[in-house]
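Trainee: Hi, have you got a few minutes to go through a structure with me? I'll put it up here.
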Amino acid sequence: MMSIQIISNGSQHMACSQYGSNWAGPDGDRLTVLIALLKEIPAASINLNGFEEHLEFSPSVNVQAIIEESTSWMVDEGANNYLHTDKEAYCVAISQSTDVPNWPDFATKEYDKTMQDDLKVQWKIEVEGVSQGAYVSQAQHTISAPSRLGLRAQIDGERLIWPPRQLNAMGQRIDSEGKQLSETATILTWTRLSAAGAPSEFSNRAPILDGVATVLVEFDEGPKGVFMLADDESVKPEIDARVHFVLRRLYGQDGMMHYGLKAMLSKS
Amino acid sequence: MVDVAMVGAGQTKFGNHPLGLKGMWAEAIQKAIHSVDNGFDSTDVEEAFIGSIAFGGSQLGNTAALLTEHSGMEGVSVRRVENACASSGFALRDAWMAIKSGQADVVVAGGIEKMNDLSASRKRYWLGVSGDTEWERLAGLTFPGTYALTARRYFHEFDSTHDDLVHVSVKNHMHGFENEVAHLRKQVSFEKAQSGFMVADPLTLYDCCPTSDGASAVILVADHLAHKFTDTPVWVKGSGAGSDHLALHDRPSITQLRATQSAAAKAYKTAGISASDVDLAEVHDCFTIAEVLATEDLGFAGRGLGGTFAREGEGRRNEGSVTINASGGLKSKGHPLGATGTGQAVEMFKQLRHQVEPERQVRDAEIGLTHNVGGSGATCAVHIFGRER
């Protein structure tokens, strides 16, 4: 399940990506590593401790909302679980001490340094750009955060609805409080788009990544959705394969980074 | 109830067009007017419906009034109709309903899109603007992607492979080769179409229609005026439309388009015919898999047999059970989004009056059908045309 490495030492948990402390992967950063870590350890309250200042780009949905929608953790400035990171390493730590920990030597999965450099440049260009087509506002990202980040489905009679809808056929507003979908699903079909076929948001990164893979999946509870595939550099999706979901960078625009869930092939 | 006759039809060549928006629209209207056998005065037009998505952002509001101003129709009641790639299919339906309802006797329906005059960076404007922006586009999907998802699922569910799509591509390029208004007038071999550049796996370049500039327009009149304009009107015998969820993931099945099924059922019913009566059909083959689905959803092939239909050449001009895309379809004739629906009607006007290039003429064409889809199937308009009322 995990694409991060965790080293726990009593009440202190440290994590970085599978690529080690120098890179968080093609669509990762300190925030995506943090969310992966929070999902792996018992939930409590956390003091952000200035964490946002260490992110390369401002998220379109604030960090507190991302944490609380994506995990069972709560953000509390009075909590004594302190969040640590620094600008030199793509690592995060949760500790009951206010002191920045000494980062251990994490194992490093081999990666293409040129790709890393190219992607870093393209992310910057992408974030500084504006939409060349359809556009989703920051406000809309915030409105849909419970569904996008927390897989919160609506209940309408016997039906589970995801992504959210407004009215049912009786003209009644469908309650947004519903059921959280399980974080596993089955691939119904998939594609890999070349740069020529990808939306402008992804067109700069697509050539570097050899295309952008998208899967249509069916959740175990019934609703379906489309997600980009994460960490698929050396694997190919198949119909009926199982996936789980991880928080990653989706795209950047208007000076902000948009985060969301991506599907990751589960090991059978 | 009033019957509706098409007495004139015209279009620009589809492709990378040298004229601007106003010039293209003027050319389509001029050709439509000149096609009216006994003459036509555009000041007689009471209502106009013009389909377009967005002109690449150059004129987002009051588009239709700008166009009628430049085509001698100042003062006419006009509006833009927008339903993505089905915009002018719905403009045609609105025009048909305006006459059917008795509110107007002379109506213009048309469409226009200018897609190739944008800078390289702005050309991406067109990718994914008509899908579900929030939940599909931002999961990496454009229409090549959504149709690729459909194609792969279709191959999984039925006895079909990518080679069936290659047959569609080869046929439509063959049909469009002789069409003087087609965008891509070149024949394509099976081997070449089989090995095209991968755009969205499993769809290659030869599975995708081009992005075209173009304008098209038709003139519809009430039955009591038809013979004032021509001795050989083409009757709009039936019209139907439907819609479905915008995003693929909300649909019960992605290997059939409920919007098409619904539109076709209504169109057949209003025309009083069935699929087996149709001699030729212009179907919305924005991607080759879309034609395979259309042949099923329109009733020309059974469920899951659209691939077999293509493989066995059933849609070839004057060879199969019904000629599919005699014009070359979107694949070869081109796809100027908002102009495509009425462009299909222009083809039907000429085919049913036996006025196309001799090599392209569908023999004994009496009844034709047009099928215009918006996006990945969220909207669809189907029309039935006939030589007889």
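Mentor: Sure! Let's begin just after α3(B), where B:G102 takes a positive phi of about 85 degrees. Keep in mind that this is a predicted model.

Trainee: Good to know. How many residues does helix α3 of chain B have, and how far does it reach?
Mentor: It runs over residues 87–100, so to speak, with 14 residues in chain B. From first C-alpha to last, α3(B) reaches 20 Å, close to the 20 Å expected at 1.5 Å a residue.

Trainee: And is α3(B) mostly covered or mostly open?
Mentor: Mostly covered: 12 of its 14 residues are buried. Among them are B:F90, B:L92, B:W96 and B:I99, and the buried set also includes B:R93 and B:D94.

Trainee: Switching topic: how many residues does each chain put into the contact?
Mentor: Chain B gives 30 residues and chain A gives 33 residues.

Trainee: Which elements of chain B give two or more residues to that side?
Mentor: Those are α4 (143–157) and β5 (198–200) of chain B. The largest share of the side of chain B that touches chain A comes from α4(B), with 7 residues.

Trainee: What's the residue mix on the side of chain B that touches chain A?
Mentor: That side divides into 14 nonpolar, 8 polar and 8 charged.

Trainee: Back to α4(B), then. At what angle does it pack with helix α9 of chain B?
Mentor: About 55 degrees, with the axes of α4(B) and α9(B) (residues 288–297) 9 Å apart. The two helices are therefore oblique to each other. As for handedness, α4(B) passes α9(B) in a left-handed crossing.

Trainee: Which residues meet there?
Mentor: From α4(B) you have B:Y147, B:T150, B:A151 and B:Y154, and they meet B:I289, B:A290 and B:V292 in α9(B). The residues of this contact divide into 6 nonpolar, 1 polar and no charged.

Trainee: Nice. How does helix α5 of chain B pack with α9(B)?
Mentor: Helix α5 (residues 162–176) of chain B and α9(B) pack at about 95 degrees, and their axes are 8 Å apart. That makes α5(B) roughly perpendicular to α9(B).

Trainee: And what are the residues in the contact of α5(B) with α9(B)?
Mentor: On the α5(B) side, B:D164, B:L165, B:V168 and B:S169. They meet B:T288, B:I289, B:E291 and B:V292 in α9(B).

Trainee: How does that contact divide by residue type?
Mentor: For α5(B) with α9(B), the residues divide into 4 nonpolar, 2 polar and 2 charged.

Key: Residues numbered from 1 in each chain as written. Chains lettered and ligands numbered in written order. Predicted model: local features only at pLDDT ≥ 70, side-chain atom pairs only at ≥ 80, totals over all residues. Contact = placed C-beta atoms within 7 Å. Helix = DSSP H or I, 4+ residues; strand = E, 2+ residues; numbered from the N terminus. Nonpolar A, V, L, I, M, F, W, Y, C, P; charged D, E, K, R; others polar. Axes fitted to C-alpha atoms, helices over the stretch in contact; angles between N-to-C directions. Parallel < 35°, antiparallel > 145°, perpendicular 65-115°, else oblique. Left-handed = near helix turned anticlockwise from the far one by under 90°. Expected span 1.5 Å × (residues − 1). Buried ≥ 20, exposed ≤ 12 C-beta atoms within 10 Å, placed from the backbone.
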